[in-house]
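Open the model in your viewer and keep the selection tool at hand. The stops below go from the whole chain to single residues.

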Amino acid sequence: MTTNAKTPLLTANRRELLLAGVASMAASLLPTIALAAEPRSENSMEIPDMSFIKTIDGTQIYYKDWGPRDGKPLVFHHGWPLSADDWDAQMLFFVSKGYRVIAHDRRGHGRSTQTATGNNMDTYAADMAELVSHLDLRDAIHIGHSTGGGEVARYVARADKGRVSKAVLIAAITPLILKTSGNPGGIPIEAFNGFRQAISVNRAQFFLEIPSGPFFGYNMTGATPVEGVIRNWWRQAMMGGVKAQHDCVRALSETDFTADLKAIDQPVLVMHGEADQIVPFPLAAATTVDLLRNGTLKAYPGLSHGMCTTHPDVINEDLLVFFQS
């Protein structure tokens, strides 16, 4: 077959003309669209909001607060080293169900202040308490993934009466994932030292390797990596501060949440993928539910640490059942 060398140029020209036409059409429609827009009523669902609060130590905490102000509040706590954006699939689903959905960027992560101090579980929980007080949330359900699960456990155990009605721990780091004399099945400290070293040397590359492999199970036989999912994970991770992310490795690996879990008396749903390579199922889920006064375990054969992203249809429906129970 003969190839015409001019074809690409002609194709490019046609593409430019087409795009110019579309842009012109869109511009001509703007006044019409603006005139057709209905004014918001006081009872309508609010447009997604993005805000900040300033904590007692001056840290700016970014948060999203979507949905009706009188809707049942759901508060989402993200994992390391991500941001509130990691909950997109859950927030869109539940705001469509009439819930009020809130998600924040933990200090040092995402759009919050890139703090050099306070990157520990006690401060994370205190930051959440300030956000809850600022929004005056009552009977809220707190949902935490991975490191966010530890944050939920620490916050809920200390929350003022009436603030929390239920909690969900998804692939959580509870009760303790570090290998110690009392926790011989834990992950050796050398693994977490390796995390810190990789962050210090080239976190951009490290933050490509994690989602490309174990986080979403893309290194498993038969798995099909999704480029957009990998890039979105990387985007969120690179938004955070390297000092805060480095310090958070200690917080997520060395914090013991045993006492927190024992202190929680609200209903707690523990959700965990059996193919989780980041926080292994036997290390966390079964032990966690045994420590809770009112815990329920939901296991997911074959699902990875990032199952909220890879299987939102499954996770969202199970969450909805728990929320409505």
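What percentage of the 325 residues of the protein count as buried? The figure is 48%. Note before going further that the model is predicted.

**Whole chain.** Colour by secondary structure: there are eleven helices and eight strands. If contacts are drawn between residues at least 6 apart in sequence, 75% of them join residues at least 24 apart.

**The cores.** Select W80, F207 and W233. These residues have the most contacts inside the largest nonpolar core, a set of 57 residues. Add helix α3, residues 121-135, which supplies the largest share of that core with seven residues. Then select F76, W87, M271 and I315, which are among the 28 residues of a second, separate core.

**α3 against α4.** Keep α3 and show helix α4, residues 147-158. Two packed helices are described by the angle between their axes and the distance between the axes. Here the axes come within 9 Å and cross at roughly 65°, which makes α3 roughly perpendicular to α4. The crossing is right-handed. To see the interface, show side chains on both helices: M121, D122, Y124, A125, M128, A129 and V132 of α3 meet T147, G150, E151, R154, Y155 and R158 of α4.

**D65.** Move to strand β2, residues 60-66, and select D65. Is D65 buried or exposed? With a relative accessibility of 2%, D65 is buried, because the cut-off for that class is under 20%. Two arginines belong in the same view. The D65 side chain makes a polar contact with the side chain of R69 at 2.9 Å, and another with the side chain of R100 at 2.7 Å.

**Helix α9.** Select residues 281-291. Which residues of this helix are buried? They are F281, L283, A284, A285, T288 and V289. Now bring in the surroundings: the elements covering these buried residues include β6 (164-170), α8 (258-263), β7 (268-273) and β8 (295-300).

**A198.** Go to helix α5, residues 189-212, where A198 is found. Apart from neighbours within four places in sequence, A198 contacts R203 and F206. For a distance label, pick the C-alpha atoms of A198 and H246: the two residues are 48 apart along the chain, and these atoms are separated by 9.6 Å.

**Backbone stops.** Most residues other than glycine have a negative phi, and most peptide bonds are trans. The next selections depart from that pattern.

- W80 and P81: the peptide bond joining them is cis, with omega about -10°. P81 sits in the loop between β3 (73-77) and α2 (88-95). W80 was also selected earlier, as one of the residues with the most contacts inside the largest core.
- T174 and P175: this peptide bond is cis too, with omega near -5°. P175 is in the loop between β6 and α5.
- A171: this residue lies in the loop between β6 and α5. Its phi is positive, near 50°, although A171 is not a glycine. A171 is buried, with a relative accessible area of 1%.
- D136: look in the loop between α3 and β5 (140-145). D136 has a positive phi of about 50° and is not a glycine. At 44% relative accessible area, D136 is partly exposed.

Notes. Residues are numbered from 1 along each chain as its sequence is written. This is a predicted model: local features need pLDDT of at least 70, side-chain atom pairs count only at pLDDT 80 or more; totals for chains, interfaces and linings use all residues. Side-chain values use heavy atoms; hydrogens and water are left out. A nonpolar core is a set of buried Ala, Val, Leu, Ile, Met, Phe, Trp, Tyr and Cys residues joined through side-chain atoms within 4.5 Å. Buried means under 20% relative accessible area, exposed over 50%, partly exposed in between (1.4 Å probe, protein chains only). Helices (H or I, at least four residues) and strands (E, at least two) are DSSP runs, numbered from the N terminus. A polar contact is a pair of N or O atoms within 3.5 Å; within protein, one must be able to donate a hydrogen and the other to accept it, and residues adjacent in sequence count only if both atoms are side-chain atoms. Axes are lines fitted to C-alpha atoms, for helices over the stretch in contact, and angles run from 0 to 180 degrees between N-to-C directions. Angles under 35 degrees count as roughly parallel, over 145 as roughly antiparallel, 65 to 115 as roughly perpendicular and the rest as oblique. A crossing is left-handed if the near helix is turned anticlockwise from the far one by less than a right angle, and right-handed if clockwise. Contact means heavy atoms within 4.5 Å.
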